[in-house]
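Biologist: I have a new structure open in front of me and would like to walk through it with you. Could you keep the answers plain, since I am still learning how to read these?

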Amino acid sequence: MPRPKSKMPARRFHVSGQSIVTFNSRTYYLGPHDSPESLARYAVLLAKYQAGGLTMPENFSVSDIEDQVQAMLGASQAGLIQEQQEDSPVLVAHVTALYREHLTTKYPISDQKEKNKERYRCEQVADRLDKMFGDVPVDQFGPVKLRQFRDDLVANGMSRKKDGSLRKPLARKYINRIVNGVIGMFTHAVSGELVDIAKVQQLKTLETLRCGQTTAPETAPVKPVPIEQVRQTAPHLSPIIKAMLRIQVATGMRPGELCIMRPCDIDRSGENWIYVPSKHKTGWRGKSKAIPLVGDARDAITEFLQRHPESFCFSPKEAMEWRHAVAAANRTTPMSCGNRPGTNRKKSPKRLPRDRYDPQSYRQAIQRAQKAAGVPHWFPYQLRHLNATTIRAALGGTEEAQALLGHSTALMTAHYAQESLEAAVRAAKVAPKL
């Protein structure tokens, strides 16, 4: 039996310094904790919640009740509220605390390492900001202190080894990205009514680090990997990773798009098979993406389509089974001696094979094969550059390469989408083959 709804949800203290209350799984910020303003908002919200049968109206905002709140407070209370806000100034630690709460929604803990990694990076930046300026009032945190934070990143990086030495200096572009992330924290605090928009505009006046004007190193440009190195690596891969490699070489798709391929995402009704990723880099902008699977890409994916339509095509579990089968076939010890196949495996291992590869595990599998082949280091994203370079050389233009790689920057109309798809098919037919 479900727990009955509370008729009077409690008002609570939030680490940002505000009072909060939760109605119907939605949290409302009431203002400085225990201030007359927060108490008045709580009383009005509670009355609306109870009048609505223990539910809140859809699309309701705290700003909708400001007239009632001001009427309850009265003009005589305005000065008292201002005094309490001055006695309890908003600190930088309050800004980072509010942003940490936002991260739990933006990057919920999941099995996607990419999202978890981005959340961890943001939390590291928040920790660093707290350590340096957490107790500084927001009014006193301006471009000068933001520059001090940036200078510390240039000098000390994000982490150090146990002996205190710098683990790895941060690149100039990455430092600019971190600084923009700090400004993003203050921008989010504006929506939480902790910071005035003028503070964000003030922080944006700090110029970004430019090439040649800082000691921070530059990142090396990504270049296409020579196809000969890819072909030398391929024999040392498992059949599953090799098929993934063939598809990526032929289509130039991103590793993340490759790892989430499912039979249900591939339209096989027409002459050319079309793969529509369920998720892709620019999907949050409302952009669609279609990748033609022709030639070598179609041959490589065909054997992985005989499975449940919603299951992933490339499974680490299947790759592990293949490795065990190869090891058993290459066994030289008689079966009557030594361990029998499977007897020395853990019954309850802490880590089980996942249902699909991710970009990191895909890259690691290729790196192991590179070492076995003795070829120079390269990484899967260089295959996009190889694909684009080959197509441009073969067709003498960039339209087809942009269509195949999904580099257009405008939302496409139905007519333009068809032209882009035809251009992508032309590009796929001249793409490199493994």
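Biologist: To start, how many helices and strands does the protein have?
Modeller: This is a predicted model, and in it the protein has 17 helices and 6 strands.

Biologist: And how much of the protein is buried?
Modeller: Of the 434 residues in the protein, 39% are buried, while the surface that the protein exposes comes to about 25000 Å², with carbon and sulfur atoms supplying 52% of that area.

Biologist: Let's go to the strands. What is the order in the sheet that holds strand 1?
Modeller: That is an open sheet of 3 strands in the order 1-2-3, paired in the antiparallel sense, and its edge strands are strand 1 (12-13) and strand 3, each of which pairs on one side only. Helix 1, which covers residues 36-51, packs on this sheet and touches strand 2 and strand 3, and its direction makes about 150° with that of strand 3.

Biologist: How many bridges are there between strand 2 and strand 3?
Modeller: Strand 2 (residues 18-23) and strand 3 (residues 26-32) are paired over 6 bridges, in the antiparallel sense, and one of the bridge partnerships is that of Phe23 with Arg26 in strand 3. The hairpin that these two strands form has 2 residues between the strands, and Asn24 in that hairpin takes a positive phi near 55°.

Biologist: What about the sheet with the order 4-5-6, is its pairing parallel or antiparallel?
Modeller: The pairing in that open sheet of 3 strands is antiparallel. Strand 4 (266-267) and strand 6 (291-293) each have a single partner strand and stand at the edges, so one side of each is left without a neighbour in the sheet. Strand 5, residues 273-275, is joined to strand 6 by 3 bridges, and Trp273 has Leu293 in strand 6 as its bridge partner.

Biologist: New topic: which residues touch the most other members in the largest nonpolar core?
Modeller: That core has 40 residues, and the ones that touch the most other members are Met244, Leu245, Met261, Leu293, Ile301 and Phe314. Among the elements that give two or more residues to this core are helix 9 (227-233), helix 11 (255-259), strand 5, strand 6 and helix 15 (382-395), but helix 10 gives the most, with 8 residues. As a general background, nonpolar side chains in soluble globular proteins tend to be buried together.

Biologist: Met261 is on that list, so what is Met261 in contact with, leaving aside its neighbours within four places in sequence?
Modeller: With those neighbours left aside, the contacts of Met261 include Ile247, Met253, Ile266, Tyr275, Leu293, Ile301 and Phe314. Apart from this core lies another one, of 33 residues, among them Tyr107, Ala126, Val136 and Ala216.

Biologist: Now Arg121: where does it lie, and is it buried or exposed?
Modeller: Arg121 lies in helix 5, which spans residues 113-133, and it counts as buried because its relative accessibility is 14%, which is under the 20% cut-off. Leaving aside its neighbours within four places in sequence, Arg121 is in contact with Tyr174, Arg177 and Ile178.

Biologist: Last one, on cysteines: how many disulfides does the structure hold?
Modeller: The structure holds 0 disulfides. Cys122 is buried, with a relative accessible area of 7%, and Cys259 also counts as buried, at 0% relative accessibility.

Technical notes. Residues are numbered from 1 along each chain as its sequence is written. This is a predicted model: local features need pLDDT of at least 70, side-chain atom pairs count only at pLDDT 80 or more; totals for chains, interfaces and linings use all residues. Side-chain values use heavy atoms; hydrogens and water are left out. Two strands pair if DSSP finds at least two bridges between them. Helices (H or I, at least four residues) and strands (E, at least two) are DSSP runs, numbered from the N terminus. A nonpolar core is a set of buried Ala, Val, Leu, Ile, Met, Phe, Trp, Tyr and Cys residues joined through side-chain atoms within 4.5 Å. Buried means under 20% relative accessible area, exposed over 50%, partly exposed in between (1.4 Å probe, protein chains only). Contact means heavy atoms within 4.5 Å. A disulfide is a pair of cysteine sulfur atoms within 2.5 Å. Axes are lines fitted to C-alpha atoms, for helices over the stretch in contact, and angles run from 0 to 180 degrees between N-to-C directions. Accessible areas come from the Shrake-Rupley method with a 1.4 Å probe; for residues, only the protein chains shown count as cover.
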